[in-house]
Amino acid sequence: MTEPIHSEAAIASYLLGELDEAERAEFEAGLAVDHALREEVEALRPLVARLQTLPPEAWDPPEPPPLRAPATEAATATAPPAAVGGRTERRGWLEPAPLALAGGLAALLLAAGVWIGTLIDDEARDGAAGAPAITLSPIDGGDGHGELTILEEGGRATLAVSGLPASRGDFYEVWLLGERGMVSLASFRVGAEGRATIELNLPVDPSRYGSFDVSREPDDGDPAHSSDSVLQGPVAAT
Amino acid sequence: MRDHGPLVRRADTSEAARRKEERLGLALANRDPRALEEVYERYGRACFGFLVNLLRDREAAEDVQQQVFLEVWQRAPTYERERASLLTWIMTIARSRGIDHLRRRVPEPAGTLAGDERLPAADDTTDELVERWRVTALLEGLQPEEAMLLRMRFYDDLPQTEIAERTGIPLGTVKMRMVRALRRLRKLVDET
């Protein structure tokens, strides 16, 4: 080794285990008396250890999928159902925005593909006319019926449900289910009439999942599926 | 020796990187879609690498990745720069969504869908993974020659003498640059 044993260059050699026995002993003798040197070595040591254990893929990270970037075009949407907030984390995006921002926010969120189910009017529903509908049937002889239609532009769908028990302290949640797991798509409530029509965004390709599912969810803050499915229909119909 | 391309793209100084990240965070909070694209360009690879590592399922990781960045977009107005860097914030979201994915149960009535209940990864393992991939993202903040040296040493497993031979850089310079690269990366790890 040509550099002075306590030089800056020697720090790397020491940390990388590239000093011979005599050099290492000399360096460590210096560490014992040089507080600043010791401090620096100790600060760098965990980083060196981490770099030494980085898996090969960390040096060549896999190419991520293209981002479904938010579109800048305007979109119209109503505010999300007011009462479905209150659960934790995943549901945070369902909380109503401040009034002054609500209109633009909802538009941006829809444009971004964020999974808000929005109650829609007849005009919006008309946009789905002609597209193949997926029938969601009741589970285990329960009540209700659903028609889900993937809109022509893709990435969005409408769901019309009827005959469901009214929401009372709970709400309904729309999911994609399959062997690869599940994705929450939207939440909504129904009133005494038992019907609702919502528009929802599809952040993933539905064909990679098996079924659309509507579950009844207690407002308990648990983001997991309640295991209380009320309607289900196969994605394959798309 | 492998190609050194992917990790030597950016060469911000620490201060410049900090200011740039501040501006980025602000633009994201102001709902600038270009900011989201830039955030994705900066941190999308590390986030995705983490998710692939955690879930061991590339397709699932692709879905969760979309969920993570949609959540980043939606929650951007509430992001507090003082509390965490963008990278740390994004990786925290990725960690949560990744664990959500591992924990999810297929509901009983949907038993025909053949879903299985998998145990979530242990927290310490997940945290270690997060930290690894955070460091991976930060490698891109190094000067190109620094990133190259670290890669040659820790990925190609070359001693400094061989790095000097292969690059034609004097051994003393290699050693100086090596320790400076480590210092800079350490600073990024501490500050980001």
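Is Leu55(B) buried or exposed, going by its C-beta neighbours inside 10 Å? This is a predicted model, and in it Leu55(B) has 23 such neighbours, so it counts as buried; the cut-off for that label is 20 or more.

Let's stay with that leucine for a moment. Leu55(B) sits in helix α2 of chain B, which covers residues 33-55. Setting aside the neighbours within four places in sequence, Leu55(B) is in contact with Ala60(B), Ala61(B) and Val64(B), and also with Gly98(B), His101(B) and Leu102(B). Take Leu102(B) from that list: 47 residues separate it from Leu55(B) in sequence, yet the two C-alpha atoms are 7.2 Å apart in space.

Now hop over to chain A and its helix α3, residues 35-53. Allowing 1.5 Å a residue, its 19 residues should span 27 Å, and the end C-alpha atoms are 28 Å apart, so the two figures agree. There is a bend along the way, though: α3(A) turns by about 30° at Arg45(A), with a proline, Pro46(A), following within four residues.

Further along chain A, look at strands β5 (residues 170-178) and β6 (residues 181-188). They make a hairpin, with two residues between them. The pairing is antiparallel and runs over seven bridges. To find your place in it, look for Leu177(A), which stands opposite Met182(A) of β6(A).

How many of the eight residues of β6(A) are buried? Eight of the eight are, so the strand is largely enclosed by the rest of the structure. As a reminder when you look at the side chains, those in a regular strand alternate between the two faces of the sheet.

Terms used: Residues are numbered from 1 along each chain as its sequence is written. Chains are lettered from A and ligands numbered from 1 in the order in which they are written. This is a predicted model: local features need pLDDT of at least 70, side-chain atom pairs count only at pLDDT 80 or more; totals for chains, interfaces and linings use all residues. A residue is buried if 20 or more other C-beta atoms lie within 10 Å of its own, exposed if 12 or fewer, and partly exposed in between; C-beta atoms are placed from the backbone. Two strands pair if DSSP finds at least two bridges between them. Two residues are in contact if their C-beta atoms, placed from the backbone, lie within 7 Å. The expected span of a helix is 1.5 Å times one less than its number of residues. The bend at a residue is the angle between axes fitted to the seven residues ending there and the seven starting there.
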